[in-house]
Amino acid sequence: MATSTPATHSVPRAPYTLAVMRALAPSFAGAVSKHPDGNSIIVDKAFAQHDAYEHALRQFLPNIVVVPADDKHPDGNFVEDTHVAVGRVVVATQPGHESRRGEVPPMAEAVRKAVGEKGWYYNVADAGEAYLDGGDVLFTGVHLLIGLSDRTNPAGAAFLERAVKDHYPSLSVVTVDLRAQPTLHLKCVVTALSHTVLIFADDEPGRFAFAQLPESVRAAYEVVWVPDQVASNVLAFPDGKGGLLGVVAQGGFPASEKILDEAIATRFGKDVPVVKLDMSEFIKADGALTCCSLLFNC
Ligand code: CIR
């Protein structure tokens with residue numbers, strides 16, 4: 001399925017200036033997972049895959065801070081869930097899964113140190129029963145999409161919206177209610193290649209999420225559909241002018257890779273590098289590509 005609705009307006013995303021990652025914990029095999037292979041994570045392989053991920057990021061973003069692992073937090077490497085950064089607004093989350101909440105304070109300390117005075121800091125935990133996972137938040141450059149899921153509740157989404165609107169009042173914030181069609185996070189089924197192109201999973205959860213978007217949001221993007229859900233989660237590095245410095249995508253999904261390669265080459269040029277990574281052990285822990293780094297452009 002390939003729809004193509006031309007973008008109606010556009011705000012190119014700024015290039016990323018910093019990534020914060022967290023080293024993999026030796027306890028990674030104990031990560032929270034609903035995946036059928038969640039009990040067969042091969043930790044040595046995961047270490048090698050995590051190294052390859054960091055190496056891939058460094059091709060497009062040399063400034064990477066890696067926070068030491070904590071064996072008490074097997075999911076700690078999934079740093080995306082601990083913060084949301086939109087421009088200079090930096091929000092420490094309160095993850096929906098209780099076992100993951102202790103990941104936030106050391107990450108918050110590292111993020112404050114790395115981002116420094118450029119950041120305007122917020123903490124979802126200040127709002128009591130507000131829960132938010134960064135995996136539910138997609139900033140396209142045009143819209144801030146916030147998924148409601150088992151991990152992110154309306155109070156968490158409202159907290160993020162208020163924080164962002166404090167500084168960027170004209171930003172369009174859209175809540176996408178995914179609770180009727182369980183998906184771990186919004187970004188399990190959609191990510192942005194650019195401010196004009198979204199990648200959606202062409203499966204039931206992906207089509208459901210798409211259907212939840214208001215028509216005005218759908219009309220603002222060209223949508224590329226990929227048959228494998230995990231392949232819809234790509235890391236795209238904007239060049240600040242509407243183009244791409246490069247893309248990190250899942251390897252091992254040939255049908256989706258072909259669609260993605262063609263979409264990138266035709267829309268952004270055939271010289272845009274697309275690095276393919278085997279993230280099999282992270283997939284077993286319900287993780288994908290965006291979840292292993294926090295990206296800042298302030
Ligand atoms: C979890 O269930 O929380 C982790 N095992 C996976 C989190 C993946 N996070 C993400 O995609 N943002």
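Q: How do the residues of the shell around the ligand divide into nonpolar, polar and charged?
A: This is a predicted model, where local features need pLDDT of at least 70, side-chain atom pairs count only at pLDDT 80 or more, and totals for chains, interfaces and linings use all residues. Residues are numbered from 1 along each chain as its sequence is written, and side-chain values use heavy atoms, with hydrogens and water left out. Ala, Val, Leu, Ile, Met, Phe, Trp, Tyr, Cys and Pro count as nonpolar, Asp, Glu, Lys and Arg as charged, and the others, Gly among them, as polar. On that scheme, the shell has four nonpolar, three polar and six charged residues.

Q: Which residues are the closest to the ligand?
A: A residue is near the ligand if one of its heavy atoms lies within 4 Å of it. The ligand is surrounded by 13 residues. The closest are Val 32, Asp 75, Glu 80, Arg 151 and Ala 285.

Q: Which side chain has an N or O atom 2.7 Å from a nitrogen atom of the ligand?
A: Polar contacts here are pairs of N or O atoms within 3.5 Å. Oxygen atoms of the ligand are met by Arg 100 at 2.9 Å and by Arg 151 at 2.8 Å. For the ligand nitrogen at 2.7 Å, the partner is the side chain of Asp 75.

Q: How much of the ligand's accessible area does the protein cover?
A: Accessible areas come from the Shrake-Rupley method with a 1.4 Å probe. On its own, the ligand has 350 Å² of such area. The share covered by the protein is 98%.

Conventions: A polar contact is a pair of N or O atoms within 3.5 Å; within protein, one must be able to donate a hydrogen and the other to accept it, and residues adjacent in sequence count only if both atoms are side-chain atoms.
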